[in-house]
Amino acid sequence: MTLQQRGFFNLATGFTIWLILLGVLYGAQATGCAFDLQSVALGPVSLLRVILIGLVLCHAALLIAIFIYCRNMLSAVESRLAHFLWRGALYLTMAAMAATLWISAAITVPSIC
Amino acid sequence: MEPEAVNDPVRLHKALDAVWGTAPGIGRLSAVNHTIIGRRFIITAFVFFGIGGILAMLIRTQLATPRSAFLGPEIYSQIFTMHGTVMMFLFAIPLIEGLAFYLLPKMLGARDMAFPRLSAYGYWCYLFGGSILIVAMVLGLAPNAGWFMYTPLASRPFTPGINSDIWLIGVTFVEISALSAAVEIIVTIFKLRAPGMSLDKMPLFAWYMLVTAFMMLFGFPPLIVGSVLLEIERAFDLPFFDPARGGDPILWQHLFWLFGHPEVYIIFLPAAGVISTILPVFARREIIGYLAIVISIVALAFLSFGLWVHHMFTVGIPHLALAFFSAASTAVAVPTAVQVFAWIGTLFAGRPQLKLPMLYILGFFFIFVTGGLTGVMLAIVPFNWQVHDTHFVVAHLHYVLVGGFVFPMLAAAYYWLPHFTGRMPRINLGKAAFWLIFIGFNLTFLIMHLTGLLGMTRRIYTYDPNTGWEWFNLVSSIGSFLMAMGFALFTVDVLLQFRFGRHAVRNPWQAATLEWVTATPPPSYNFASLPSVASRSPLREQEDLPVTLARGEGYLGFVRDDRLETLGVDVTSGRTDQVVRLPGPSYLPLVSALITAAFFLSVLFQLYAVAVVSFAAVIGSLLLWTRTSGETSDCGAIAIGRGETALPQSESDGAPSRWAMRVGIFGDAAAYGSLAFGTLYLAVVAPNWPPAEVAHFNMLASLAAVVGLVASAFAGWCSAGSAVAPVAAARHRWLLVCAAAHGVAFVALVILALQIPTPSRHAYAAATLVLLAYVVLHVLLGIVFALYALWRSSAGYVSASRTNDLHIGRIWHGYTAAIGILSILLMHALSWMVGR
């Protein structure tokens, strides 16, 4: 796969991870509730909340890794097209990071089940 | 060797038209040309729009006064259900498809779509599926459970007649058209562009359509899966949505809105693409923020798949989940706003002209932005709870859909009518139509927000005189009639332009995109020779482009062996990589669509033996299409004009058919994912679990199924390998092994199916059976693919350099193995989980 093709496919990477996060969070929350994990206390918080926070952190770490990768690629490519695609990939990853922060901001507050 | 160049434009036109043209009379039924199919989609969609509009008039007449005796509750239910169904499934989506089919090849600098027969097949499926719904309505059997078909209302106990079945089957039939269009649009944009048109030089409309097509590919399968499950429940009593037997009516809502929310953006994005195309023309400058717009389109598409639950805020979802989806619903406003600011900025920086299409775009701005703002209000959970299922929501969705789709489409109609007809309006009624529609629309729906806030729920067929809603409803109804007059005037204006319009000059708006390079109305082949593109505004950079291309000075400015040829390019760079040979007119798409209609009608009337035969006949008829595709000899690189050469698609690694299979697999995976999600959802959330009976699957049969699936994938992979593919005997052996391995998997899967408890007793058994049936269907198709490749190979269509048939099969076998193994694991995990 050429650098340009990789740049093109990376347009979708950041938000794919965001979408997976949303599905995983919703699924984990429902499954955790079904298995009563919110009643298992881990110090001041429930096990289910810890799991959900852990999932967000994993996805956030993945997004940061992709952000760094896209930034490095952007500084390495020379052609106009590759620059266009990698710049798009970088900005979309940043937008996905902001969206991740936005949807998971409430994770510590409301009742889970 | 390069064919003899035809220097005379008239001779070249005649030579090209002889091979690209469609015969008159009955021959029109064999049309596959994108201009004709695109026109048919557009005209048919507007006819359905007229029908939907008449239904809206009936609704508003009924609601104009309290206690109206105009319509009874049964008819009223059919009418509001059909209004929503017609507008969403028979008007909006097909109009998008028509616009894409008509415009994309011309904008991209190609001569047709990638799969012209698929376009024609999609059109006939749309026409027949839509006709089933309309005929049912005329017979008084129309669907009547609302356009969302919510269970349990749409389930057999509460809707015992055929009405819901007609919706489920009719809409699924129409969706074949949408899915086939999605695959075709993606492959066309990926592969059939003018040489030099790299992704950063592609018209924004193509970016919008590319993203929209992907959304269709992932958005429609959940609804198809939901519809199939509901139809199975209604026909065979398998309880997917019956809570008494482990089903859950909320599952339907999830599957429906997994489709339904992206659907809103599937409708909006192409309209936004139209605005991004038209607005810069009348602002007389290039659009501001090309990359920002591309980014916002992609972001919008993804975000739109993360909001579906906001339609279900009142079903009793935990607070945390509400917070996730409320946040996602507000976030979607950001990329939408980026586009709106880019358009406003373009207008501000340009020298705008207020021509008729612009007037409609300004109408769009006002109405759509208002609808967007009420959308943000609805994303906020407490407010949503207050106005859920009231007329406030009806007002909001009409502001978004009419503002975000109908106004841009009317702008598009006035902008491209000169292209469509070759004529300009003589008597300009468009302005009067605009004001009638604009004022009528706001009169109807602005006040409807208040009716909703006062508590009027949607779908009620009448109300009492003392509710305080009377005047609001009357004003809404008056407004709707005003709007209807506007649409009638628009129709008259368009017909007058068709019949009496003055001849249009080429490119009357001084646009810069390639569709205005063609003559108007466009010839069957679009371009006498294909352009080379070096910028985003090719027509502005090369003003003599129409003349040079007409003279045959571009690529493929000749006819070779009476074949229909266009160029294929590398997906990102736009470098020429192949000559794509397209099929000519054929009755096969019509025949296949008729057989498909027979299949759906036999399911509707529960003639299942006929349905099985029809399904096999559909597959057979689709295979017949391939008789005229492919080559039986290698020819190497061939001349494409301007001293350059390219391989024919049959010898290219990046043939459109391979791309179509890859893209199609994504859609299939979306359907499979929806099915797996449904199964897990029921297991985790639905009441009355665990079931009384649990399947204990035979480990030997499970192992045999896995071995069969892996072996079929391996054999399929080997058959297309570089060492095997050149040797006929070796590839035949591997293909036979592949088919046999599928056979083993089939037998093993049937044995597993026999171990499932009676599926009508509990959703566990029903879901497991459907999951298994899905894999069995893929395995059977895997046998077809393997034997088909064997036949193609024996008939001489395969060689060391012509391996497309093998590679297409290879993708299918690998995918089938993947979902088969996943399903077996899921079945075992599920029976372990519920059997504990």
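## Exercises on a predicted two-chain model

With its 836 residues, chain B would have a radius of gyration near 28 Å if it were a compact globule, and its value of 27 Å agrees with this. The model is predicted, and the exercises below treat chain B and its contact with chain A.

**Exercise 1.** Describe the extent and the secondary structure of chain B.

*Solution.* Begin with the C-alpha trace, which spans about 85 × 75 × 50 Å along the principal axes of chain B. Then count the elements: chain B holds 24 helices and 6 strands.

**Exercise 2.** Determine how strands β5 and β6 of chain B pair.

*Solution.* Strand β5 of chain B covers residues 638-641, and strand β6 of chain B covers residues 644-646. The two pair in the antiparallel sense, over 3 bridges. As one bridge, take B:Ala639, whose partner in β6(B) is B:Thr645. Next examine the turn: 2 residues lie between the strands of this hairpin, and B:Arg642 has a positive phi near 55° there.

**Exercise 3.** Locate the cis peptide bonds before B:Pro152 and B:Pro521, and place the positive phi of B:Asp561.

*Solution.* Recall that most residues other than glycine have a negative phi, and most peptide bonds are trans. The bond from B:Thr151 to B:Pro152 is cis, with omega near 5°; B:Pro152 is found in the loop between α4 (116-138) and α5 (163-191) of chain B. The bond joining B:Thr520 and B:Pro521 is cis, with omega about -10°, and B:Pro521 belongs to the loop between β2 (502-503) and α16 (538-541) of chain B. Finally, B:Asp561 is not a glycine, yet its phi is positive, about 50°. B:Asp561 sits in the loop between α17 (545-550) and β3 (564-569) of chain B.

**Exercise 4.** Characterise the interface of chain A and chain B by its residues, its buried area and its polar interactions.

*Solution.* First, the residues: chain A contributes 35 and chain B contributes 40 to the contact. Second, the area: about 3,200 Å² is buried between the chains, 81% of it from carbon and sulfur atoms. On the side of chain A, A:Phe8, A:Tyr26 and A:Phe84 lose the most area to chain B, together 22% of what that side buries. Third, the polar interactions: 6 residue pairs, both members at pLDDT 80 or more, are in polar contact across the interface. The count of salt bridges is 1; A:Arg80 and B:Asp200 meet through their side chains in a salt bridge, at 3.1 Å from N to O. Fourth, the elements: α1 (3-10), α2 (13-34) and α4 (80-104) of chain A each supply at least two residues of the side that touches chain B. The residues of that side comprise 26 nonpolar, 7 polar and 2 charged.

How values were computed
Residues numbered from 1 in each chain as written. Chains lettered and ligands numbered in written order. Predicted model: local features only at pLDDT ≥ 70, side-chain atom pairs only at ≥ 80, totals over all residues. Heavy atoms only, no water. Contact = heavy atoms within 4.5 Å. Buried area = accessible area lost by both parts, 1.4 Å probe. Salt bridge = Lys/Arg side-chain N within 4 Å of Asp/Glu carboxyl O. Polar contact = N/O pair within 3.5 Å; in protein donor to acceptor, adjacent residues only side chain to side chain. Helix = DSSP H or I, 4+ residues; strand = E, 2+ residues; numbered from the N terminus. Nonpolar A, V, L, I, M, F, W, Y, C, P; charged D, E, K, R; others polar. Pairing = 2+ DSSP bridges. Rg over C-alpha atoms; globule rule 2.2 N^0.38 Å.
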